[in-house]
Amino acid sequence: MSRFPTELKPIPRRLANNPDPVSSLDMPLIPTPIRILVVEDETFIRMDVVETLSAAGFETLEATNADEAIQMLENHLEIRLVFTDIDMPGMMNGLKLAAAVRDRWPPVKIIATSGHFKLQDGDLPADARFFPKPYEATQIIDAVRELTRAM
């Protein structure tokens, strides 16, 4: 069994005597890992989050700012969740990144965090989660599992 939390995806299986080798009846379900994009400009915090998520069995990708995150999302359509800091340098902070993710990749779930920002209603998409820093690793793991369970 894989050490990664998974979902089931159909994989086509070709059969010699089947005129339609990609029919849904011939597509066994196999597990695929859940991939998370961690967006954090503070190196040690990003490394800690990645280590925590990896230890919980998730696959991770990393970005240091929103521009890198957008490129990662464009190049890795298998990303299921974005974990982002709100306070980041550059033209786009974590709130703007969350809005862009919701607009361009609606199925991608969002978890945002900040040690300074005071969140107000409507700052994040409706189904996003927010955790003020410092947070407990178990809070993040539980939220990731909850958000990706139904996907």
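Is Phe-83 buried or exposed? Phe-83 counts as buried, at 1% relative accessibility. The views below come from a predicted model.

**View 1. Phe-83 and Tyr-135 form an aromatic pair.** The count of aromatic pairs comes to one. The ring centres of Phe-83 and Tyr-135 lie 6.0 Å apart. Their planes stand at 75°, so the pair is edge-to-face, the class for angles over 60 degrees. Phe-83 sits in strand β5, and Tyr-135 sits in the loop between β7 and α4. The pair therefore ties together parts that are 52 residues apart in sequence.

**View 2. Five strands make an open sheet.** Read across the sheet, the strand order is β4-β3-β5-β6-β7. The pairing is parallel. At the edges are β4 (59–63) and β7, each of which pairs on one side only. From one strand to the next, the twist averages 20°.

**View 3. Strands β6 and β7 run side by side.** Strand β6 covers residues 109–114. Four bridges join β6 to β7 in the parallel sense. Ser-114 stands opposite Pro-132, a residue of β7.

**View 4. Two helices cross the sheet strands.** Helix α1 lies across β3, β4 and β5. Its direction makes an angle of about 165° with β4. Helix α2 also lies across β3, β4 and β5. For α2, the angle of about 165° is to β3.

**View 5. Thr-84 is buried in strand β5.** Its relative accessible area is 1%. That value is under 20%, so Thr-84 counts as buried. Which residues does Thr-84 touch, leaving aside those up to four places away in sequence? They are Val-39, Gly-94, Leu-97, Ile-111, Ala-112 and Thr-113.

**View 6. Glu-40 meets Lys-133 in a salt bridge.** Side chains of opposite charge can pair when their charged atoms come close. Here the N to O distance is 3.1 Å. Glu-40 lies in the loop between β3 and α1 (43–55). Lys-133 lies in the loop between β7 (129–132) and α4 (137–149). The pair thus ties together parts that are 93 residues apart in sequence. Glu-40 counts as buried, at 1% relative accessibility. Lys-133, at 22%, counts as partly exposed.

**View 7. Glu-146 meets Arg-129 in a salt bridge.** The distance from N to O is 2.5 Å. Glu-146 belongs to helix α4 and Arg-129 to strand β7, so this pair ties together parts that are 17 residues apart in sequence. Both partners are partly exposed: Glu-146 at 42% relative accessibility, and Arg-129 at 24%.

**View 8. Arg-35, Glu-59 and Glu-78 join in one network.** The network arises from salt bridges that share partners. Between the side chains of Arg-35 and Glu-78, the N to O distance is 2.2 Å. This pair links distant parts of the chain, 43 residues apart. Arg-35 is in strand β3 (residues 35–39). Glu-78 is in the loop between α2 (66–75) and β5 (79–85). How accessible is Glu-78, and what is its relative accessible area? Glu-78 is partly exposed, with 33%. The full count of salt bridges comes to nine.

Definitions and conventions: Residues numbered from 1 in each chain as written. Predicted model: local features only at pLDDT ≥ 70, side-chain atom pairs only at ≥ 80, totals over all residues. Heavy atoms only, no water. Salt bridge = Lys/Arg side-chain N within 4 Å of Asp/Glu carboxyl O. Buried < 20%, exposed > 50% of the residue type's maximum accessible area, 1.4 Å probe, protein only. Contact = heavy atoms within 4.5 Å. Phe/Tyr/Trp six-rings, centres within 6.5 Å; stacked < 30°, edge-to-face > 60°. Pairing = 2+ DSSP bridges. Axes fitted to C-alpha atoms, helices over the stretch in contact; angles between N-to-C directions.
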